[in-house]
Amino acid sequence: MKRIVSFDYHGHHRIAEPHVFGIKDGRESLLVYQIAGTSSSGGIPEWRRMFVNDITNFQITEQSFPGKRYTQSGEHSNFDRIIKIVD
């Protein structure tokens with residue numbers, strides 16, 4: 001089962017579907033589809049890349065999501081190395 005996560009990132013509380021975990025520019029990164037919460041960079045829902053070391057108060061919720069989503073732009077999808085991707 002794929003679970004929705006809740007966390008804080010750069011002063012904003014976020015609720016998101018985690019889709020890709022990997023390495024970008026030498027840093028562990030998580031590509032999420034943010035579905036609720038707040039963000040300084042625009043509307044929700046939206047794709048966001050998060051650097052794992054900057055995430056605090058991370059929780060796996062009881063809510064689930066169906067799986068893979070289509071990414072329209074692909075702008076956040078480039079990783080140096082993908083470790084895990086949701087199917």
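Is His12 buried or exposed? In this predicted model, His12 is buried, with a relative accessible area of 18%, a value that falls in the buried class because that class covers residues under 20%. His12 belongs to strand 2. Its side chain makes a polar contact of 2.8 Å with the side chain of Thr38. When neighbours within four places in sequence are set aside, the residues in contact with His12 are Phe7, Thr38, Ser39 and Ser40.

One of these contacts, Phe7, also takes part in the largest nonpolar core. This core consists of nine residues, namely Val5, Phe7, Tyr9, Ala16, Leu30, Val32, Met50, Phe51 and Ile55. At least two of its residues come from each of strand 1, strand 3 and strand 4. The largest contribution is that of strand 1, which gives three residues. For Tyr9, a member of this core, the residues touched beyond four places in sequence are Arg14, Arg49, Met50, Phe51, Asp54 and Ile55. There is also a second, separate core of five residues, among them Val20, Leu31, Tyr33 and Trp47.

Charged side chains were examined next. The search of the whole structure finds four salt bridges, and three of them are described here, beginning with the pair formed by Asp87 and Lys2. The closest N and O atoms of Asp87 and Lys2 are 3.4 Å apart. Asp87 is located in the segment after strand 6 (81-85) and Lys2 in strand 1, so this pair ties together parts of the structure that are 85 residues apart in sequence. Asp87 is exposed, at a relative accessible area of 65%, whereas Lys2 is partly exposed, at 24%.

A further salt bridge joins Arg3 to Glu62, with 3.7 Å between the closest N and O atoms. Arg3 lies in strand 1 and Glu62 in strand 5 (residues 55-65), and the pair therefore links parts that are 59 residues apart in sequence. Arg3 is partly exposed, with a relative accessible area of 28%, while Glu62 counts as exposed at 68%.

The side chains of Glu17 and Arg69 also meet in a salt bridge, with an N to O distance of 2.6 Å. Glu17 is part of strand 2, and Arg69 is found in the loop between strand 5 and strand 6, so parts that are 52 residues apart in sequence are tied together by this pair. Glu17 is buried, with a relative accessible area of 5%. Its partner Arg69 is partly exposed, with a relative accessible area of 35%.

The backbone was then considered at three positions in loops. The peptide bond from Ile44 to Pro45 is cis, and its omega is near 10°. Pro45 is placed in the loop between strand 3 (27-37) and strand 4 (46-51). At His10, phi is near 50°, a positive value in a residue other than glycine. His10 is located in the loop between strand 1 (2-9) and strand 2 (12-24), and it counts as exposed at 55% relative accessibility. Asp25, likewise not a glycine, has a positive phi of about 55°. The loop that holds Asp25 runs between strand 2 and strand 3. With 57% relative accessibility, Asp25 counts as exposed; the exposed class covers values over 50%, which is why both His10, at 55%, and Asp25, at 57%, fall within it.

Finally, the pockets of the structure were examined. The largest pocket contains about 250 Å³ of space. It is lined by 15 residues, of which Arg3, Pro18, His19, Leu30 and Lys84 are the closest to its centre. Two of these have appeared above: Arg3 forms the salt bridge with Glu62, and Leu30 is a member of the largest nonpolar core. Strand 1, strand 2, strand 5 and strand 6 each provide at least two residues of the lining. The greatest share of the lining comes from strand 2, with four residues.

Definitions and conventions: Residues are numbered from 1 along each chain as its sequence is written. This is a predicted model: local features need pLDDT of at least 70, side-chain atom pairs count only at pLDDT 80 or more; totals for chains, interfaces and linings use all residues. Side-chain values use heavy atoms; hydrogens and water are left out. Buried means under 20% relative accessible area, exposed over 50%, partly exposed in between (1.4 Å probe, protein chains only). A polar contact is a pair of N or O atoms within 3.5 Å; within protein, one must be able to donate a hydrogen and the other to accept it, and residues adjacent in sequence count only if both atoms are side-chain atoms. Contact means heavy atoms within 4.5 Å. A nonpolar core is a set of buried Ala, Val, Leu, Ile, Met, Phe, Trp, Tyr and Cys residues joined through side-chain atoms within 4.5 Å. On a 1 Å grid over the protein atoms alone, a cavity is a set of points where a 1.4 Å probe fits but cannot get out, and a pocket is an open set with protein on both sides within 12 Å along at least five of seven lines; lining residues have an atom within 4 Å of a point. Grid points are joined across faces, edges and corners, and a volume is the space filled by probe spheres set on the points.
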